[in-house]
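Here are my notes on this one, in numbered points. Have the coordinates open while you go through them.

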Amino acid sequence: VNMSMLSRNILQIIGSLVIMFVLDPALTGVLLSVVPIVSLGAVQYGYMVKNLRQKFQDRLADASTTAEEALSSIRTVRMFTSEKKTSQHYGSDIDKSYQVGKKLALVQGGFDGVIGIIAYGAIVLVLWYGGKLVNEKQLSPGILTSFLLYTLQVAMSFAMLSSLYGDFMQAVGASIRIFDLMDRKPEIPIEGGSQIVDMEGSVEFQDVYFTYPSRPDTQVLKGVSFKVEPGQVVALVGPSGGGKSTIVNMIERFYDPESGWIRLGGNDLSTLDPQWFRQQISMVSQEPTLFACSIKDNISYGKDCTLEEVVEAAKQANAHNFIMGFEEQYDTLVGERGVRLSGGQKQRVAIARALIMNPSILLLDEATSALDAESEHLVQEAIDHAMKGRTVIVIAHRLSTVRNANVVAVVDKGKIVEQGTHEELLAQDGVYKRLVLRQLMAGATNGLDFNINNDKDDSNGHLLD
Ligand SMILES: Nc1ncnc2c1ncn2[C@@H]1O[C@H](COP(=O)(O)OP(=O)(O)OP(=O)(O)O)[C@@H](O)[C@H]1O
């Protein structure tokens with residue numbers, strides 16, 4: 001619609017000006033003398049409108065983020081009785097967008113006013129100058145009347161064009177961010193690279209240094225080296241913030257190391273096709289993210305598969321029985337981020353989702369949140385099952401997991417400070433031994449087993465804290 005209006009108005013202006021020039025070149029020249037000033041003004045106006053619209057869009061996005069965050073975490077908002085504070089926060093965000101919107105409206109209204117003055121000014125100019133020419137008998141009243149009608153036509157088309165121009169510059173301002181985002185090239189490619197047939201599931205870190213781009217002054221990994229042979233289990237333990245999750249995330253190549261190498265099956269991770277190698281790896285995190293769809297769709301999230309395959313994976317993950325207990329069974333909707341499932345149920349659905357991919361490498365972040373004994377047992381059984389025959393890198397919080405691991409790596413301040421089997425590390429009389437002793441003492445005092453989840457002294461719920 002705008003394109004047809006644009007071309008129609010441009011043609012009307014050109015056509016009218018040609019006829020006006022034929023009618024009286026001198027009078028047309030006088031009229032056209034305002035064109036350079038109007039053009040300059042229009043450029044300035046366009047620039048202002050574009051910038052203000054971009055700002056307006058950014059402020060609106062801030063407000064939407066606040067609302068989205070608060071609504072999706074409404075339980076936390078209620079829990080901390082932060083309704084008033086959150087709505088004030090949203091109100092202040094909206095107020096900021098309102099202030100920019102007000103400026104935008106003023107600039108737009110101002111420009112429309114100026115264009116109106118110029119259009120009517122042109123008519124007055126034609127009347128004044130044309131009247132003078134008629135008086136001096138240089139122009140007939142009929143020609144002046146025709147000229148005036150064409151001037152009106154040009155003025156109206158011009159006003160229409162200026163409004164289209166304003167809309168266009170607003171659209172440019174509003175879409176700058178979208179085009180910026182669309183033009184962004186991820187530093188780590190999404191696909192492309194080698195796919196190795198029958199790749200061994202070994203994982204190796206060699207002298208890996210890493211700093212998060214958002215915190216360039218803090219080096220998080222400072223020369224991490226370890227190797228897990230195919231089918232082996234490595235347990236990462238250590239204090240909170242030591243770098244365990246970072247190590248696990250780097251195996252998924254969410255980030256590239258600053259220096260050093262990460263190898264999968266002996267191949268440099270950066271040479272492998274990310275889409276392909278991520279299919280070989282499954283991750284089960286402490287707080288798995290489920291999607292607001294059915295249990296079946298959540299389990300088959302990474303792979304198109306039949307209901308039979310979904311049921312088989314759910315059985316292996318100890319999830320089948322509780323799913324069959326729901327009225328709609330595998331079609332049960334789990335709600336936003338899985339809120340309609342219990343913590344243990346969510347974890348078992350996430351384990352089934354990981355199992356269905358039949359990964360050669362499993363990344364596990366053992367839950368620190370306390371589950372009841374029955375649920376804990378079911379989740380642990382599912383995890384033990386999932387670990388069989390796979391290379392596993394587990395952020396361990398349970399002493400039983402650490403004991404059974406082939407290698408225990410103690411991660412502290414971005415380094416692996418101790419590495420070996422549970423028995424070897426105990427014999428070393430180092431950080432690991434102190435940790436285990438503390439766990440034993442806490443367990444004895446509390447009358448509980450060594451499960452870190454039950455360690456009341458441990459505010460972060462982490463082994464070694
Ligand atoms: N996305 C990020 N951007 C910037 N810094 C980060 C990011 N994620 C983690 N960090 C920082 O990196 C360091 C290591 O964090 P990491 O999550 O790897 O530790 P962790 O050993 O897994 O801790 P926890 O056991 O508490 O989960 C911390 O100091 C943390 O603040």
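1. Let's start in the middle, with a strand pair. Val234 of β3 has Val407 as its bridge partner in β9. Strands β3 and β9 (residues 407-412) run parallel, with four bridges between them. Pairing here needs at least two DSSP bridges between two strands, and the element names are DSSP runs numbered from the N terminus, with helices as H or I of at least four residues and strands as E of at least two.

2. Before going on, the ground rules. This is a predicted model, where local features need pLDDT of at least 70 and side-chain atom pairs count only at pLDDT 80 or more, while totals for chains, interfaces and linings use all residues. Residues are numbered from 1 along each chain as its sequence is written.

3. Back to β3, which has a second parallel partner: strand β8 (residues 391-395), again over four bridges. There, Val233 faces Val392. Is β3 buried or exposed? Five of the five residues in β3 (residues 233-237) are buried, so the rest of the structure largely encloses this strand. "Buried" is 20 or more other C-beta atoms within 10 Å of a residue's own, "exposed" is 12 or fewer, and "partly exposed" is in between, with C-beta atoms placed from the backbone. In a regular strand, side chains alternate between the two faces of the sheet. Both faces of β3 are covered, with Val233, Ala235 and Val237 buried on one side and Val234 and Leu236 on the other.

4. Now the open, antiparallel sheet: four strands in the order β2-β1-β4-β5. The edges are β2 (219-228) and β5 (267-268); each has a single partner strand, so one side of each has no neighbour in the sheet. Helix α7 (residues 244-251) packs on this sheet, touching β1, β2 and β4, and its direction makes about 65° with that of β2. Contact is C-beta atoms, placed from the backbone, within 7 Å; the axes are lines fitted to C-alpha atoms, for helices over the stretch in contact, with angles from 0 to 180 degrees between N-to-C directions. Within the sheet, β1 (residues 203-211) and β4 (residues 259-264) are joined by five bridges, and Val203 sits opposite Leu264 of β4.

5. Helix α7 also matters for the ligand shell, giving the most to it with three residues. Which residues come nearest? Of the 13 around the ligand, they are Tyr212, Ser240, Lys244, Ser245 and Thr246. Being near takes a C-beta atom, placed from the backbone, within 6 Å. By class, the shell has nine polar, two charged and two nonpolar residues.

6. Ile351 is worth a look, in helix α12 (residues 343-355). This residue counts as buried because 27 C-beta neighbours lie inside 10 Å. Leaving out residues up to four places away in sequence, Ile351 touches Val284, Ala317, Ala382, Ile383 and Ala386.

7. Two backbone oddities to check. Asn318 has a positive phi of about 55° although it is not a glycine, and lies in the loop between α10 (307-316) and α11 (320-324). Asn358, also not a glycine, has a positive phi of about 45°; its loop runs between α12 and β7 (361-365). Asn318 is buried, with 23 other C-beta atoms within 10 Å, whereas Asn358 is partly exposed, with 13.

8. Last, the overall layout. The chain divides into domain 1 (2-183) and domain 2 (203-454), with bounds from an automatic or database domain assignment. Their centres, taken over C-alpha atoms, are 57 Å apart.

Notes
Contact = placed C-beta atoms within 7 Å. Nonpolar A, V, L, I, M, F, W, Y, C, P; charged D, E, K, R; others polar.
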